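Hi everyone, thanks for coming. I'd like to walk you through one structure today, so please have a look at the screen.

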Amino acid sequence: MIDSHCHLDLLAQKKDLRVALESAKAAGLTRIMAPSINPESWQALQALSERYDSLLSIDTALGLHPYFLTGSELEKPEQTLKESLRQLEDATAKLHPSVKALGETGIDGYISVPIALQKEALHNHLKLADKVSLPVILHHRKSHHLLVEALKQTKYQGIGVVHAFSGSIEAAKGYIERGFYLGIGGTITYERAQKTRNTLGFLLEHHIDKLLLETDAPDMPMCGRQGEANEPRYLSDVVDVISDRYGVSHKEIVSTTTANYTRLFNIDAGSEA
């Protein structure tokens with residue numbers, strides 16, 4: 001199994017990371033994508049990818065998460081973003097070997113960070129991703145229409161993944177038509193997530209080649225694990241729900257999503273054999 005979205009640097013603040021990675025490996029994980037939230041985050045993740053390379057393969061992504069665009073209250077948000085984007089461009093000029101994508105970036109309609117600032121950051125990520133031929137990892141909340149708008153406005157030519165996808169069949173089709181993959185995680189372990197579960201049923205039947213598995217650890221705990229930090233080892237909960245609810249074998253879910261991940265992030269398929 002591959003966890004396509006796990007914030008290892010944030011998990012390390014809550015758990016002994018070596019123990020968490022050993023548990024993940026014991027649970028059947030072979031690889032993890034660790035997206036970043038700011039320059040300090042991507043530097044920390046690159047160091048972690050080197051430190052634990054012999055234990056588990058860790059891919060990283062360069063990104064500025066919408067939540068963290070404004071910096072401290074003493075700084076001007078526009079100035080903070082400008083400096084962060086400069087660092088992002090510098091980092092893409094000389095890529096660390098672990099970097100396989102740009103992100104996490106996107107638009108969140110629930111937070112106080114100005115939408116204009118989020119759009120500026122997203123547009124810059126998309127343009128840079130095209131420039132260096134890397135996929136993007138997109139964050140969404142109440143913003144599917146704004147993400148699609150950004151893809152059109154920047155004339156983005158690349159592909160990527162919509163992380164923690166929750167939305168309608170039509171929204172899913174719109175991304176897939178643009179070559180995007182959809183990340184499926186803990187949301188589907190909850191009975192209340194009927195819309196996302198219905199969409200997933202359609203995707204499993206028609207577009208299973210566009211699905212990835214994810215935990216978003218240490219956030220988004222699985223049903224029954226509320227109140228505790230999420231971990232990569234709990235990715236099996238997602239597989240169990242997909243298998244039990246939709247009648248797809250564990251083997252097919254794991255083998256297909258693994259192939260999808262290696263294709264999206266241009267990983268040597270032989271390393272996941």
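**Strands side by side**

Let's start with one pair of residues: L62 has L102, in strand 4, as its bridge partner. Before we go further, please keep in mind that this is a predicted model.

Now widen the view a little. Strand 4 covers residues 99-108, and three bridges tie strand 3 to it, with the two running parallel. Another place to look along this pairing is T60, which stands opposite V99 of strand 4.

Is strand 4 enclosed or open? Here 10 of the 10 residues of strand 4 are buried, so the rest of the structure largely encloses this strand. By buried I mean a relative accessible area under 20%. Strand 3, residues 57-62, is mostly covered too, with five of its six residues buried.

Let's step to the other neighbour of strand 3. Strand 2, residues 31-34, is joined to strand 3 by four bridges, and again the two run parallel. If you want a pair to find on screen, M33 has D59 in strand 3 as its bridge partner. How does the chain get from one strand to the other? Look for helix 3, residues 39-51: together with strand 2 and strand 3, this helix makes a right-handed β-α-β unit.

Back to strand 4, to see what it pairs with besides strand 3. Strand 4 and strand 5 pair in the parallel sense, over five bridges. T105 is one residue to pick out here, standing opposite L138 in strand 5. There is a helix to go with these strands as well: strand 4, helix 5 (residues 115-132) and strand 5 form a right-handed β-α-β unit.

Strand 5 also takes us to my last topic, the largest pocket. Which strand gives the most to its lining? That is strand 5, residues 136-141, which contributes three residues. In total, 19 residues line the largest pocket, and those nearest its centre are Y67, H139, R141, D216 and M220. The volume of this pocket is about 410 Å³.

What kinds of residues make up that lining? Sorted by class, there are seven nonpolar, seven polar and five charged residues.

That's my tour. Try turning the model yourselves, and start by finding L62 and its partner L102 in strand 4. Thanks for listening!

Note on methods
Residues are numbered from 1 along each chain as its sequence is written. This is a predicted model: local features need pLDDT of at least 70, side-chain atom pairs count only at pLDDT 80 or more; totals for chains, interfaces and linings use all residues. Side-chain values use heavy atoms; hydrogens and water are left out. Buried means under 20% relative accessible area, exposed over 50%, partly exposed in between (1.4 Å probe, protein chains only). Two strands pair if DSSP finds at least two bridges between them. A crossover is right-handed if, with the strands pointing away from the viewer, the path from the first strand over the helix to the second runs clockwise. On a 1 Å grid over the protein atoms alone, a cavity is a set of points where a 1.4 Å probe fits but cannot get out, and a pocket is an open set with protein on both sides within 12 Å along at least five of seven lines; lining residues have an atom within 4 Å of a point. Grid points are joined across faces, edges and corners, and a volume is the space filled by probe spheres set on the points. Ala, Val, Leu, Ile, Met, Phe, Trp, Tyr, Cys and Pro count as nonpolar, Asp, Glu, Lys and Arg as charged, and the others, Gly among them, as polar.
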